[in-house]
2 protein chains.
Amino acid sequence: MKKISEYAADVESAISCLEFPDKKLSTLYRPIEYALSAGGKRIRPVITLMAADAFGGKAAEAMRSALGIETFHNFTLLHDDVMDKSDLRRGRPTVHKKYDENTAILSGDTMLTIATQWATDVEGDILRDVLDTFNEMAIDVYEGQRLDMDFETRDNISLSEYLEMIEGKTGSLLGAAAKIGAMIGGASEEDARLLYEFGVMTGLAFQIQDDWLDTFGDSTTFGKPIGGDILNGKKTYLYVAALEEGGQTAEALRVAFNMPSGDMKIKAVTRLYEKIGVGEKCKKAVGFYSSKAFKAVNATSLGEEQKDAFRKLAEKLIGRKK
Amino acid sequence: MKKISEYAADVESAISCLEFPDKKLSTLYRPIEYALSAGGKRIRPVITLMAADAFGGKAAEAMRSALGIETFHNFTLLHDDVMDKSDLRRGRPTVHKKYDENTAILSGDTMLTIATQWATDVEGDILRDVLDTFNEMAIDVYEGQRLDMDFETRDNISLSEYLEMIEGKTGSLLGAAAKIGAMIGGASEEDARLLYEFGVMTGLAFQIQDDWLDTFGDSTTFGKPIGGDILNGKKTYLYVAALEEGGQTAEALRVAFNMPSGDMKIKAVTRLYEKIGVGEKCKKAVGFYSSKAFKAVNATSLGEEQKDAFRKLAEKLIGRKK
C-alpha cells in the first residue's frame, strides 16, 4: 500500500492529464476543467484507489472510477454553489461567478454524465453492481441535499433526521467510493459491504467533527473562520442536539439563533452550547461513528497492513485536532 | 405491431402508475411527478417500445427503458426552462415557477440519475451497450444545448454548425431511443445502428420542419403562435440558411432581425425569408433527411409491417401539415 499522500498525488496527476474536447465546445468543457482543478484533499478518489489496491493491487485499474467519484463530488459542489449563491470555493470564484449561472447548470449536468461514464468504466462482470452502487449513492446525495434545504425553514429537526441528512450528503459518497474500489479490487460481497460501511461511518464521524470544529475549533488549523455555521444559522449537530435537550436553555438558544449576524451571536450561541454541554455529546458521537468505521474495516478479510491503511485514513479525516 | 397511439397510451399509463417516495421527500419527488405528468406526444418512449416490439416482440420489457428516455427528455426541458427563464411549458407553470429555481435544479439532477437507472434496467448481456448509448446521447444533448446557447451571441453560424446543433439537441435522443429499443428487442448490431440512423434523421427532419412551421405554419394546427422564433431572435434553419446566401437581402435580414419585437418584425423577416426563397430550401432539407430516415429503416432486416410502422411514425412526426 502506498501512503495516502501518494494516492492523492496520483489522483492530482491524473486530473491534470485529463483531456476534454476543445475549441468550439470550450464553453462547455473549460468550466469543468476549472471545477476539477480546484484541488482539495481528493479524499474520495483516494479511498477508491486504496480499496482497489488493498483487495487486488488494482489501484491503476481503478483510476477511471476514482476520477468518476471525484467528478460526481465536484458536480454536486458546483450545483450546490448555484443553489447557495456562494461566490467563493477554495479561495477561487465559483463556476457561476467566473462564468455564469446557465453555464454552471449545463456544465454541471455534463459532469454528472461524465462521472457516471468514468465510474462505470469497469470490467463487465462487476458493471451492474458498480452502476447500481453509483446511482443509488447519487440518489442518496440528492435526498440528503433536499433534507438540508428543507431544514433551513424548519425548527423541529430530530437528531435522527439530522443523521439521515448527513448520511445522504456525506456518508453515502464515501461509502460508494470505498465499495466501488473494493469491487474493482475483487473483494467478496461481504468485504465490499463492510468497506461501504467503513466509508459511511467515516463520513458521519467526519461531518459531525466538522460541525464541532466550526464552533470549537481553531481557525488556523480548521482553515475557515470559527463560527461560520452560527452566523449562517446552519442547523448543525450541535444545534439539533441542543434543541433536543429541551428546557429553558434550548429556548434561549432559539432566541440567540435569531440574533443579528455578528460576533455577539457567535459568543451567545457558543456559551449556550457550552452550558448545555452539547460539545461533549458531539465528540461522543464522533467517537461512536469512528469506532463503527474501525469495526467495519477490522471485520474484513484484509491483512493488517491494509486494515491499518484504512484506519490511518479515517484518523486523518476525523482526528483533526482543535 | 400496435398503433402509435396505443404505444403512447401504454407510456401514459405507465407514467401515471409511477410511485416515488412520499412524505418527507415530497419536496424532491413531487416536482418530478409534476414534470413527468405534463403530457405531450411521448414520441421518444414510443420509439423505444416500437423498436423493442419490432425486433423481438419485447415492448413490455422495454417499458422501463422507455420511461428512462422520457425522464431524460423531461430533465432537459426542466433545466432548459431554468436557463431560458421560461414561465410556461405545455400551458402550465414551469417547475421553477411552480416551486422555485433551486428545486428545479435539484429535482432535475435527480431526474437525470433516475433516467440513467431506468434506461439501463436491461438484461446483463446488453447492459454495457445500452449504458454507453445512453451516456453518449446525453453528452450529445448537452453539447447541442451549449452550441444553441453560444449561437445566441454569434452571427456567423454556418448551416453545418446549425445541423450539428440540432443533431445533438434533437437527433441523438431520438436515435438513442430507437437504438436502445432495438437492442432490447435483440436486433443485430447492424440493425441497431440503422435504427439509430433512423432516429437521428427523423429528428433532424422534425426539427427543420418545426423551424419552418414556426414561420410559415398555421397557428391552429401548429399549436403555438406563428413567428415566435422571429420574435425571440432564434437562429433557426431559415435564418442561418438565409444569411448563408449572403448579399443585400441577407444584410437587410440582419437589420430586420434587430427590430423591436412585434408584428412588424415578424412581417419584415418573413418577407425577407420569402424573397430569398429560404422556405423552399428548408422544405428540401426536410425531404432530404426524411428520405435518409426512410432509407435507414428500409435497409434493416425487419418485415414490411414493422418497416411500415416506423415510416408511419416518421411521417406523423415530420409530415405535420401547414
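How many salt bridges does the count between chain A and chain B give? The count is zero. The model discussed here is a predicted one, and the description begins with the interface of the two chains before turning to pairs within each chain.

The size of an interface is often given as the accessible area lost when the parts come together. For chain A and chain B, that buried area is about 3700 Å², with 61% of it on carbon and sulfur atoms. On the side of chain A, the residues that lose the most area to chain B are K24(A), L106(A) and R146(A), which together account for 16% of what that side buries. In terms of contacts, 40 residues of chain A meet 40 residues of chain B.

Although salt bridges between the two chains number zero, polar contacts are found: 18 residue pairs across the interface satisfy the rule, both residues being at pLDDT 80 or more. On chain A, the elements that give two or more residues to the side touching chain B are α2 (26-36), α4 (63-84), α6 (101-119), α7 (124-151) and α8 (159-184). Of these, α7(A) gives the most, with 14 residues. By class, this side of chain A comprises 19 nonpolar, 11 polar and 10 charged residues.

Aromatic pairs form a second theme, and the structure holds 22 of them over all chains. In the pair of Y162(A) and Y237(A), the ring centres lie 5.9 Å apart and the planes stand at 75°; the pair is therefore edge-to-face. Because Y162(A) belongs to helix α8 of chain A and Y237(A) to helix α12 (residues 237-245) of chain A, this pair ties together parts that are 75 residues apart in sequence. Y162(A) counts as buried at 2% relative accessibility, and Y237(A) is likewise buried, with a relative accessible area of 5%.

Helix α12 of chain A also carries Y239(A), whose partner F257(A) lies in helix α13 (residues 247-257) of chain A, 18 residues apart, so that the pair links distant parts of the chain. The ring centres of Y239(A) and F257(A) are 3.9 Å apart and their planes meet at 25°, so this pair is stacked. Both residues are buried. Elsewhere in chain A, ring pairs join F72(A), F75(A), F134(A) and Y142(A) into a cluster.

Side chains of opposite charge can pair when their charged atoms come close. Over all chains, the structure contains 36 salt bridges. One of them joins E161(A) and R154(A), at 2.9 Å from N to O. E161(A) is buried at 12% relative accessibility, whereas R154(A), at 22%, counts as partly exposed.

In chain B, E70(B) forms a salt bridge with R42(B), the closest N and O atoms being 2.7 Å apart. E70(B) lies in helix α4 (residues 63-84) of chain B and R42(B) in the loop between α2 (26-36) and α3 (43-56) of chain B, so the bridge ties together parts that are 28 residues apart in sequence. Both partners are buried: E70(B) has a relative accessible area of 2%, and R42(B) has a relative accessibility of 3%.

A further salt bridge in chain B is that of E190(B) and R193(B), at 3.0 Å from N to O. These two residues both lie in helix α9 (residues 189-216) of chain B, three residues apart, about one turn of the helix. E190(B) is partly exposed at 41% relative accessible area, as is R193(B) at 43%. In chain A, salt bridges that share partners unite E304(A), D308(A), R311(A) and K312(A) in one network.

Note on methods. Residues are numbered from 1 along each chain as its sequence is written. Chains are lettered from A and ligands numbered from 1 in the order in which they are written. This is a predicted model: local features need pLDDT of at least 70, side-chain atom pairs count only at pLDDT 80 or more; totals for chains, interfaces and linings use all residues. Side-chain values use heavy atoms; hydrogens and water are left out. Contact means heavy atoms within 4.5 Å. Buried area is the accessible area (1.4 Å probe) that two parts lose on being put together, summed over both. A salt bridge is a side-chain nitrogen of Lys or Arg within 4 Å of a carboxyl oxygen of Asp or Glu. A polar contact is a pair of N or O atoms within 3.5 Å; within protein, one must be able to donate a hydrogen and the other to accept it, and residues adjacent in sequence count only if both atoms are side-chain atoms. Helices (H or I, at least four residues) and strands (E, at least two) are DSSP runs, numbered from the N terminus. Ala, Val, Leu, Ile, Met, Phe, Trp, Tyr, Cys and Pro count as nonpolar, Asp, Glu, Lys and Arg as charged, and the others, Gly among them, as polar. Rings of Phe, Tyr and Trp (its six-membered ring) pair if their centres lie within 6.5 Å; planes under 30 degrees apart count as stacked, over 60 as edge-to-face and the rest as tilted. Buried means under 20% relative accessible area, exposed over 50%, partly exposed in between (1.4 Å probe, protein chains only).
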